[in-house]
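Here are my notes on the model you sent round, set out as numbered points. Please read them with the structure open beside you.

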Amino acid sequence: QPEFVFEVDAAVDPPIELGTLPGGALRRIIPVGDGTVRGPEINGRVLPGGADWQLIRPDGVADIEARYTIETDRGELISVSNPGYRHAPPDIMAKLIAGEPAPPDSYYFRTAPRFETAAPRLAWMMRTIFVCVGIREPGRVRIRFFRV
């Protein structure tokens with residue numbers, strides 16, 4: 001049974017669009033800004049400087065590769081690498097790509113993160129599988145992390 005561990009709520013800046021690459025995918029880089037981390041096991045903040053490197057494939061799927069750093073309220077640092085997928089019917093994907101609101105149940109947004117940390121208390125994160133459910137809002141992203 002998946003167990004909720006924490007939620008990231010972070011600001012995202014407007015995307016930097018590199019354009020359409022050979023093969024037809026659109027490369028976008030979305031800078032990740034400040035954010036909060038709240039949950040029963042980890043609390044803290046998202047440090048600025050991360051980003052989500054997305055490929056919007058010709059089939060409409062957003063192939064996500066987010067990387068950012070969490071600082072816990074105890075001062076521990078956690079590097080997050082969070083690949084996944086987001087997809088929806090074309091009209092909903094157009095809204096999400098434009099940064100417009102869309103109901104969370106109208107799209108699929110799942111990731112499978114991996115962590116790196118030197119904090120002994122958090123070593124379990126580097127030997128545990130997680131899945132995430134994401135919600136994209138205008139100027140923000142919320143990601144709920146579950147241990148499985």
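The points below take up the basis of the model, its core, its helix, its salt bridges and a few single residues.

1. Basis of the model. This is a predicted model, in which local features need pLDDT of at least 70 and side-chain atom pairs count only at pLDDT 80 or more, while totals for chains, interfaces and linings use all residues. Residues are numbered from 1 along each chain as its sequence is written, and side-chain values use heavy atoms, with hydrogens and water left out.

2. The nonpolar core. The largest nonpolar core (a set of buried Ala, Val, Leu, Ile, Met, Phe, Trp, Tyr and Cys residues joined through side-chain atoms within 4.5 Å) has 36 residues, and those with the most contacts inside it are F6, V8, I42 and M125. Buried here stands for under 20% relative accessible area, exposed for over 50%, and partly exposed for what lies in between, with a 1.4 Å probe and protein chains only. Among the elements that give two or more residues to this core are β1 (3–12), β3 (26–38), α1 (90–97) and β10 (140–147); helices (H or I, at least four residues) and strands (E, at least two) are DSSP runs numbered from the N terminus. Leaving aside neighbours within four places in sequence, V8 is in contact (heavy atoms within 4.5 Å) with residues that include V37, V46, I70 and F145.

3. The helix α1. Its buried residues are I92, M93 and L96, and seen down the axis of α1 they fall within an arc of 100°, so they line one face of the helix; the arc is that of the directions from the helix axis to the C-beta atoms. These buried residues pack against β5, β6 and β9, whereas the face turned away from the buried side carries the exposed residues P90 and D91. After α1 comes G99, whose phi is positive, near 80°.

4. Salt bridges. Taking a salt bridge as a side-chain nitrogen of Lys or Arg within 4 Å of a carboxyl oxygen of Asp or Glu, the count comes to 10. One of them joins R142 to E7, with the closest N and O atoms 3.9 Å apart; R142 lies in strand β10 and E7 in strand β1, so the pair ties together parts that are 135 residues apart in sequence. E7 and R142 also belong to a network of salt bridges with E137 and R144. A further salt bridge is made by R28 and E17 (3.2 Å, N to O), linking strand β3 with strand β2 (residues 16–20); R28 is buried at 2% relative accessible area, while E17 is partly exposed at 46%.

5. A buried charge in β4. Which side chain of opposite charge is nearest to D52? D52, in strand β4 (residues 44–56), is buried yet has no salt bridge, and that nearest side chain is R86, 5.8 Å away; Lys and Arg count as positive and Asp and Glu as negative, with His and the chain ends not counted. The backbone nitrogen of E65 does lie 3.3 Å from a polar atom of the D52 side chain.

6. Two further residues. Q54, also found in strand β4, is buried with a relative accessible area of 3%, and R28 and R86 are among the residues it contacts beyond four places in sequence. F4, in strand β1, is partly exposed at 24%; F4 and C132 are 128 residues apart in sequence and 9.4 Å apart in space, C-alpha to C-alpha.

Conventions. Polar contact = N/O pair within 3.5 Å; in protein donor to acceptor, adjacent residues only side chain to side chain.
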